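Here are my comments on the model you sent, set out as numbered points. Please read them with the coordinates open beside you.

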Amino acid sequence: SLSRSSEREVNSEPSSRGADAAMAILIRECLRVMKLNMSWMLNSDSKVAKSFETFVSRTLLEASVSADEFLRHEAQRSFQTVAGFSFIEVKTWLKSKSNIASSYVDTAVPSMRSAELNEKQLMKFTAVLQWSSWMIEMRYVDAEFFKASRITQFQAVGQYISTISNRVEPAFSTDDEALATQNVKQAHARLSQEILKLFKIVLKSSFSDIDKESILLHLIGTSDGAQVTMSKFISTAIFAPQNLGVDLSDDKGRRALASSGTRLIKTLSADQQSTISRQLMSSILNVMRVTISNEAFDLGAVSLESTQGCMDAKRLANGYWELASTMLLHEVVPREGNVTRNDLAQRIAIKLYELGQHTSPPQRAVGLLLLRICFHLHMSPEILMNLLFDRASRVEQTNLGESFYRNYQDDIIRVCRYQFENYADELLQVASTDVDSTSGVVASDIILRVLERSQRKMTAKGQNTVTIANLDTGSLLATLQKSIHHIHHLYDGHRDESSDVRNACHQRFLTIVRQYVLLHSNCESESNLFASSESCDVIVNGVLSCINIESMLWNSFIDAVVLIAEILERCKLPQPLQVKLQDALTNSLQEMMTNKRCTSSEIFMNRHPAIVQAFKEAFLICRLPSLLVALLPFCRDSKEEVLLQAIKSPEFTWNFELTQHLWNALQFKGQSVQVRLLGSSRILPALLFSSNDDEILSFFEANSESIMSSIPTCAGDEGLIHSLQSYAVLIEMYTKCDKASLAAGPCVQVPKLNAIVSKAVLTELSGKVAEPNLGNESYSLLRVQMAYTLFVSLLVLTQSNVKFYMKLFENASFYWSRLVDRTSTLEMEAKWSAARKEIIGTDQSSSKIVSSFTLSSTLAAMDSTLKTDAEISVSPKENDSNVQLDVPMDDFEAHPVANG
């Protein structure tokens, strides 16, 4: 196969598609073999090495310029691999083969004198241009290679563009003159794309400036008006690819050709050292400005009423979008002149605005592309605000602004976020004053979504991303702080409106402030949210107005309670302001009970559970000590209590100030007995449980006097309350601290601490303490149980194993009986069964019935020293059918533990 490849003459006609595909597959297989034996083939003098040289110099070099795209791709890929393995200098080797390359070029480049090029000629010409681009891009050749061989392909480019000059005019229409066939159209389109690519590669090549200009002159042509024709060719590739052969339905082909044109312009704009590049760039801009001034290419004159109009608008918008994506649209559309950026953006945006609510999916799709082009044109904020707030309506129908916003919501929010300084003031002003129309809804929604998106950016992964997000968010917060004063109208400017309107205003105010607070707390900014007195007064007065009992609205009151807690937790407040908000939050609950004329907390909680739940949620956010005390009457002594569950959760960490405040409040006799009992038995132990050894020691040292004053236990309800508190602290201390810590701290502060505690709990367990008032028996039982727990903890920490068991089982039956709840009944149900045990070697009649084991017999069976006669055998009489095996011996036989 290698030897037969030389049989194909250079000037022969291209083979069929099947032969080219077969040769491409053969080249691919040869490449695989060469990779495995490359060193041997390069260093050998055998016929294989000579065939290898022939294969590279004739077959690969010839196939790399083949008109068949598959064969050309495989040949170029193989050549790149071989060049990487070989020890020869590729540039030198290719120079020696320049005569072969010249013959390929002469054969492939068609004559431009013919009236119309056929498909094969166009394919050959495209292959030569792609081969030239590949050679330059891979740096296999320099400019001397083309001078030594042929520059025919470069000259043919200028000639080809001259022959199709009528197609690059803005007024040209494919309806007037159609290309021969679909295949010819596609061949023209591929050739046009390859010309643009070759032009860009020459500009970016490592050739000298003189060599670049020489090749560019050949590509452009030297005739009069050649630069203008080339400029029109590039402009047509962007705005009207169908004139160059791309099918109207081929969106992918249109985008590819337009993208090649815009990338070429981008390369030209970066290459300002070349005179030809500067001249051509200036000519291209002038041609494009003339083109967009033509009504057929004016994006502001498109019609979106029909499906065909949407398709035409999308094709035209793709060209504008390619320019926008390469940041060239500003160069094409001037700031001043017949077609200015702002004027074009306004005309496009108004067309999208007038589509209204019933925008079809095709209209919305092309409208999204058009709106993005408007934003790339830097449409002024005034135009966008006028459309969103229905200030520029030219039709009888109103409220089109909301439909316009809903259709293109994401892009509008994105623009408002990144240019927030241009939109913030007006958005906040409209959101605060306009509460009756859709304009206020749109403005408030934009503000909230801008803050939400900035909030999500703060949680992005990656240090660089978070740093950039911090900078953007800091700028956004600074802008918002300057304009936040407008929202005072939401709680201060609609007092005469109905309750529904005022509630909507309060809800809007609270939502904006909440997002503002959340964003500020997550931003690593040194600025203080309440540094400005104006913004501070607006926010504080607003939330206090929402929880004002005289003008209270249910929904806004609940949200305001939670918001105040978030402000206290997340923001650094001045001390007077912090105290003001804390007092308002704590007192509002009691004022609410008084206002609603509820005589007890139970009645209020049954009537308004949502309000109580809001205050509990607020406490869990800010953990305000005074609020916890205020919520004690609203806590239930059950496992379903939300507040108790949250305090017991692992997320709830130790808080000395909170625990100390609760301790002091429970010592105060002004609270009801039941509230103090609940706090002493449930809430205080849960708070103490979250402490570690050092923290519980610090708490004991701060309250040792009041703790030890409750030991021994006093009589009555007061004694019950104080003993529950003291036992809770001592249990945590003896459980979490070691013996050395106790000896160095509490035992020094309270001499003979262990003896005092031991004596007190034994007194409690002995039953010598007077019982509390009627109705508190459950708390009295809890006190005994806590005393026993404290007793066990003390023994574990201070006694050896022998002393521990001696003390633990001393009077054990009496102590243990007091730990049982005597008010409840323990229900026991026994299930009986009899098993027949067969003895090997005996007949069935000699089998004995083994009764179920009792608790004592089961324990005895575990220890050989405790054998009893608990195992009872019953041998029924032979032929006695009246024996009932499943009936227990008596009514006192216990349920078998083994079967339990």
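1. Helix α35, which covers residues 673-689, has a length that fits its residue count: at 1.5 Å a residue its 17 residues should span 24 Å, and because the C-alpha atoms at its ends are 23 Å apart, the two values agree. This is a predicted model, and the values in this note should be read with that in mind. The helix is nevertheless bent, by about 40° at G679.

2. How many of the 17 residues of α35 are buried? The count is 12, so α35 is largely enclosed by the rest of the structure. The buried set consists of V675, R676, L677, L678, G679, S680, S681, I683, L684, A686, L687 and L688, and the residue at the bend, G679, is thus listed among them. The cover over these buried residues includes α32 (625-631), α33 (642-648) and α34 (656-667), together with α36 (693-709), α37 (716-736) and α41 (777-798).

3. Turning to the aromatic side chains, a search of the whole structure returns 15 aromatic pairs. One of them joins F79 and W134, whose ring centres are 5.8 Å apart and whose planes stand at 75°, so the pair is classed as edge-to-face. Since F79 belongs to helix α4 and W134 to helix α7 (residues 119-137), the pair ties together parts that are 55 residues apart in sequence. Both F79 and W134 are buried.

4. A further edge-to-face pair is formed by F656 and F699, and it is assigned to that class because the ring centres lie 6.0 Å apart with the planes at 75°. Here F656 sits in helix α34 and F699 in helix α36, so parts 43 residues apart in sequence are tied together. The two partners differ in their exposure, for F656 is partly exposed at a relative accessible area of 34%, whereas F699 is buried at 0%. Ring pairs also link F656 and F699 with W654 and W663 into a cluster. Both α34 and α36, it may be noted, are among the helices that cover the buried residues of α35.

5. On the cysteines, the search of the whole structure finds 0 disulfides. C310 counts as buried because its relative accessibility is 6%, and C737 likewise counts as buried, at 4%.

6. Two polar residues also deserve a look. D68 is located in the loop between α3 (47-63) and α4 (69-85), and its relative accessibility of 8% is why it counts as buried; a polar atom of its side chain lies 3.0 Å from the backbone nitrogen of L71. S403, for its part, is placed in helix α20 (residues 400-407) and counts as buried because its relative accessibility is 13%, which is under the 20% cut-off. Apart from neighbours within four places in sequence, S403 is in contact with G356 and Q357.

7. For the chain as a whole, the secondary structure comprises 44 helices and 3 strands. Of the 900 residues in the protein chain, 49% are buried. When contacts between residues at least 6 apart in sequence are considered, 72% of them join residues at least 24 apart.

Conventions: Residues are numbered from 1 along each chain as its sequence is written. This is a predicted model: local features need pLDDT of at least 70, side-chain atom pairs count only at pLDDT 80 or more; totals for chains, interfaces and linings use all residues. Side-chain values use heavy atoms; hydrogens and water are left out. Helices (H or I, at least four residues) and strands (E, at least two) are DSSP runs, numbered from the N terminus. Buried means under 20% relative accessible area, exposed over 50%, partly exposed in between (1.4 Å probe, protein chains only). Contact means heavy atoms within 4.5 Å. A polar contact is a pair of N or O atoms within 3.5 Å; within protein, one must be able to donate a hydrogen and the other to accept it, and residues adjacent in sequence count only if both atoms are side-chain atoms. A disulfide is a pair of cysteine sulfur atoms within 2.5 Å. The expected span of a helix is 1.5 Å times one less than its number of residues. The bend at a residue is the angle between axes fitted to the seven residues ending there and the seven starting there. Rings of Phe, Tyr and Trp (its six-membered ring) pair if their centres lie within 6.5 Å; planes under 30 degrees apart count as stacked, over 60 as edge-to-face and the rest as tilted.
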